[in-house]
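The following exercises concern the pockets of a predicted model. Work through each task before reading its solution.

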Amino acid sequence: MESDVRSLIRNYILFNLQREEDFDPLYEDSRRTIKRLSAFNLLRRNQLRLRTVAACAKMRKNRRWWVRPIFLDRQLAGAWFSLIPVMREFDEEAFFNFLRMTPSCFDWLLEQVSDLITKESTRRESISAGERLAVTLRYLASGDSQISISYLFRISDSAVSEIILETTAAIWCALKDVVFEPLTPEFWRRKSAEFEAKWDFPMCLGAIDGKHCTVQKFPMRGSECYNYKFGNSIVLLAVSDAKYKFIAVDVGARGREHDAGVFDRSEFGMLYDNHQLKLPPSVYNNDLMTPLPYVFIGDNAFALDTHLIVPFESSSKPEEVVFNYRLSRARRVVENAFGILAARFRVFRTNMIGSETLV
């Protein structure tokens, strides 16, 4: 209230000074009227504000229930207390199908993220870190809606939404330095040797491609995420090695963007353009009698460059046909990596429903 009065006085003084500068000063009657109207409006606004606060407090006080009746028996019928312990003890195959990982892998992951997702409350018993992780993994593994996950674990849908958002962020923070190795010349030479050994494609560092992850249209986004497949999506750009492992990812580009544009604006693409990926120097080839650079491989969506090669558009010569075949055979590892990802976590096969941050 005090700040509102100060603001009111300041605005009145400024208004009075402005009228004097315009050679149209206010008369005493006008000043008195303005002061009365301003004070009346201020009191009226505060009266309405107090009524609104009181109404909201009354609504909160008269809520139907603190916990829905179907969620009261969570510790008896919830999946974390009834289903998951039985599968862990007697059927590890069903446990793997349910959470897409073995019990030992689940325990290891829980150990990594438990400090980040553990909650404490003095008013009621908090949802444990293990249950939070199980909710998140089931959401990713099944692709079901958050409402379905809510009924399965007997947790409110608002709590499920918050749990999934916080736990996925915790998994990323805990594992990103474990999963993604530092980019060094020795790292790139090892990846090149794997490509040559498995796919008979020398000097290759990785295969680049983008995957359109289908989403429900975000509010206030218009056609920013509308893609060429006549749907809304977020682009997952990835670089895969010869063993179907992602060595670099970029998430968040809109579905309407081209793969080449997504690559140029990604952090990996910026490092590539600025020659900061620490790629090994070129190696002299005795058969061709010329130094050959290490390269990434992609499809025709990307632009040909010194360290990025794409197929020939019109392969009329026999050697071009052979080159396209060999490049396609090596490049498909990133397509297969996307397929493995979607087969393991089926949320990538569904139309994701959630905020842009969660997706």
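**Exercise 1.** State how the lining of the second largest pocket divides by class into nonpolar, polar and charged residues, and identify which helix supplies the largest share of that lining.

*Solution.*
1. Sorting the lining of the second largest pocket by class yields 11 nonpolar, six polar and 11 charged residues.
2. The volume of this second largest pocket is about 880 Å³.
3. Its lining comprises 28 residues, and the closest to the centre are Arg124, Ile127, Ile155, Ser156 and Ala159.
4. At least two lining residues each come from helix H3 (74–77), helix H8 (146–153) and H9.
5. H9 provides the largest share of the lining of the second largest pocket, namely five residues.

**Exercise 2.** Determine which elements give two or more residues to the lining of the largest pocket, and how many residues of each class that lining has.

*Solution.*
1. The largest pocket has a volume of about 1,800 Å³.
2. It is lined by 41 residues, of which Ile171, Trp172, Leu341, Phe345 and Phe348 are the closest to its centre.
3. Two or more lining residues come from each of these elements: helices H6 (103–117), H7 (129–142), H9 (157–179) and H13 (318–344), together with strands S2 (233–240) and S3 (246–254).
4. With nine residues, H9 makes the largest contribution to the lining of the largest pocket.
5. By class, the lining of the largest pocket consists of 32 nonpolar, three polar and six charged residues.

Terms used. Residues are numbered from 1 along each chain as its sequence is written. This is a predicted model: local features need pLDDT of at least 70, side-chain atom pairs count only at pLDDT 80 or more; totals for chains, interfaces and linings use all residues. Side-chain values use heavy atoms; hydrogens and water are left out. On a 1 Å grid over the protein atoms alone, a cavity is a set of points where a 1.4 Å probe fits but cannot get out, and a pocket is an open set with protein on both sides within 12 Å along at least five of seven lines; lining residues have an atom within 4 Å of a point. Grid points are joined across faces, edges and corners, and a volume is the space filled by probe spheres set on the points. Helices (H or I, at least four residues) and strands (E, at least two) are DSSP runs, numbered from the N terminus. Ala, Val, Leu, Ile, Met, Phe, Trp, Tyr, Cys and Pro count as nonpolar, Asp, Glu, Lys and Arg as charged, and the others, Gly among them, as polar.
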